[in-house]
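Dear colleague,

I am passing on the structure we spoke about, and below it you will find notes on what turned up when I went through it. Please read them with the model open beside you.

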Amino acid sequence: QRLHTHINKSGAISAPYSIVFDIDGVLVKGKQVLPQTRHALELLWKNKVSYIFLTNGGGVREVQKAEELSKKLGVPVNYEQLIVSHSPMRALVPKYKDANVLVVGGKGLSCKHVAEDYGFKNVVTPEEIHNAHPSVFPLSTHHTRPTSLEEEYIRKLEKPIDVVMVFHDSLNWGRDLQICLDVLVSKGGKLGTIKDPDELHSSKQSTPIYFSNPDVVWSTDFPVPRFGQGTFKLCLEKIYKHLTGQELEYTTFGKPMKSTYEYAESVLDKISPLADGDNTKRTVYVVGDNPSSDIAGANAYGWNSVLVKTGIFKPKNNENHHIHPATVVVDHVEDAVRWIIEKEK
Ligand code: G3P
Ligand code: MG
């Protein structure tokens, strides 16, 4: 048996391994909590296993997401244990803190507030642009209200956009695709302008674009998978290619990207540091439902992967995923935790 080398914040010794839980399709499906979740959590506490939540969802501050999750699960969830898709995008702050950032996705101004919290000082959203210029998206049935801030928006729009960051799923795909595209083909990020035709077909896009989550689909309480942010990206890529003949260049955060796993490891180092002098590599198990994100990312990062069958992955028989095989496939999250604890005994 290995030595217990993890000591948590309060000085208590915990099990010498940690678990990283995906949320959607593993612990919850839409508004419903999966029936095995509670037992899985109880097993963790009993066995003093440190764990974090790593989701490709987001759209709100980590503190708010932790509160929502805590309410859903009926147990306390510390925001320091929770990583959402856009959490690692904090790394972009030094580069873009004074830039004009178009932040896309989420409800109302929620993602704008998240981005401002992270340290981006000049954030504008498609919603604000639409409010200032209703004609930016003539197909909308959504009536924008002129607000007292309208003049401020219009003033802001005079400054070119330097960078686009998609923080969450768009709630108005047509409009948001239009505005992202407008920026990418504009003259230097200036909305309402477009490059000359020759330049449009030969030059690079006008600004960089970042996405927080590449999931094409995800698991909810609907019987079959639903579009994720990755589908929005596919649409934007296709439109951009169609209009310019060029490939869209972009950077993605979220699972399965290495940057997200590095971020998760830094969170584990904080909440469950290895004891002084312990130079061994941390033992981590990722429990996920999506082979292309949870499992692919864990495997590539050298972590163990446990694939459950309650979400995206629905094998016909009992086989593992063919492209991204997990360390083990189990029925649900409780079996995942039991398997891990047994293996570590
Ligand atoms: O939008 C959320 C989704 O793409 C996946 O969430 O918790 O399964 O990583 P999760
Ligand atoms: Mg999932």
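**Three leucine and isoleucine positions**

L243 has a relative accessibility of 40%, and therefore counts as partly exposed. Please keep in mind throughout that this is a predicted model. L243 belongs to helix α9, which covers residues 229-244, and, leaving out residues up to four places away in sequence, L243 touches L181, L200 and H201. Of these partners, H201 stands 42 residues from L243 in sequence, while the C-alpha atoms of the two are 8.2 Å apart in space.

L34 sits in the loop that joins β5 (32-33) to α1 (37-46), and because its relative accessibility is 13%, under the 20% limit, L34 counts as buried. When neighbours within four places in sequence are set aside, the contacts of L34 are G25, V26, L27, V28, K29 and T310. L34 can also be placed relative to L73, which is 39 residues away in sequence and 9.4 Å away in space, C-alpha to C-alpha.

I23 is likewise a loop residue, located between β3 (18-21) and β4 (28-29), and its relative accessible area of 2% makes I23 buried. Apart from residues up to four places away in sequence, I23 touches V28, F53, L54, T55, L69 and L82. The C-alpha atom of I23 is separated by 10 Å from that of D294, although their positions lie 271 residues apart along the chain.

**Domains and cores**

The domain assignment divides the chain into domain 1, made of 6-85 + 256-344, and domain 2, made of 87-252. The C-alpha centres of domain 1 and domain 2 are 30 Å apart, and the contact between them involves 27 residues of domain 1 and 22 residues of domain 2.

The largest nonpolar core contains 51 residues, and those with the most contacts inside it are F21, F53, F120, M165, F167 and V287. Helix α12 (residues 333-344) supplies the largest share of this core, namely five residues. Where does this core lie with respect to the two domains? Domain 1 and domain 2 both give residues to this core, so it lies between them.

F120 may be a useful residue to look at in this context, and, not counting residues up to four places away in sequence, F120 touches M89, L92, V93, Y96, K97, V101, A115, M165 and F167. A second core, separate from the one just described, has 24 residues and includes V124, I161, L177 and F232.

**A pair of helices**

The last item concerns helix α10 (residues 258-271) and helix α11 (residues 291-301), whose axes come within 10 Å and cross at roughly 75°. Since angles of 65 to 115 degrees count as roughly perpendicular, α10 is roughly perpendicular to α11. On the side of α10 the contact is made by K258, Y261, E262 and E265, and on the side of α11 by S293, D294, G297, A298 and Y301. By type, the residues of this contact divide into three nonpolar, two polar and four charged. D294, one of the α11 residues in this contact, is also the residue whose C-alpha atom is 10 Å from that of I23.

With best regards

Terms used
Residues are numbered from 1 along each chain as its sequence is written. Chains are lettered from A and ligands numbered from 1 in the order in which they are written. This is a predicted model: local features need pLDDT of at least 70, side-chain atom pairs count only at pLDDT 80 or more; totals for chains, interfaces and linings use all residues. Side-chain values use heavy atoms; hydrogens and water are left out. A nonpolar core is a set of buried Ala, Val, Leu, Ile, Met, Phe, Trp, Tyr and Cys residues joined through side-chain atoms within 4.5 Å. Buried means under 20% relative accessible area, exposed over 50%, partly exposed in between (1.4 Å probe, protein chains only). Helices (H or I, at least four residues) and strands (E, at least two) are DSSP runs, numbered from the N terminus. Domain bounds come from an automatic or database domain assignment. Contact means heavy atoms within 4.5 Å. Axes are lines fitted to C-alpha atoms, for helices over the stretch in contact, and angles run from 0 to 180 degrees between N-to-C directions. Angles under 35 degrees count as roughly parallel, over 145 as roughly antiparallel, 65 to 115 as roughly perpendicular and the rest as oblique. Ala, Val, Leu, Ile, Met, Phe, Trp, Tyr, Cys and Pro count as nonpolar, Asp, Glu, Lys and Arg as charged, and the others, Gly among them, as polar.
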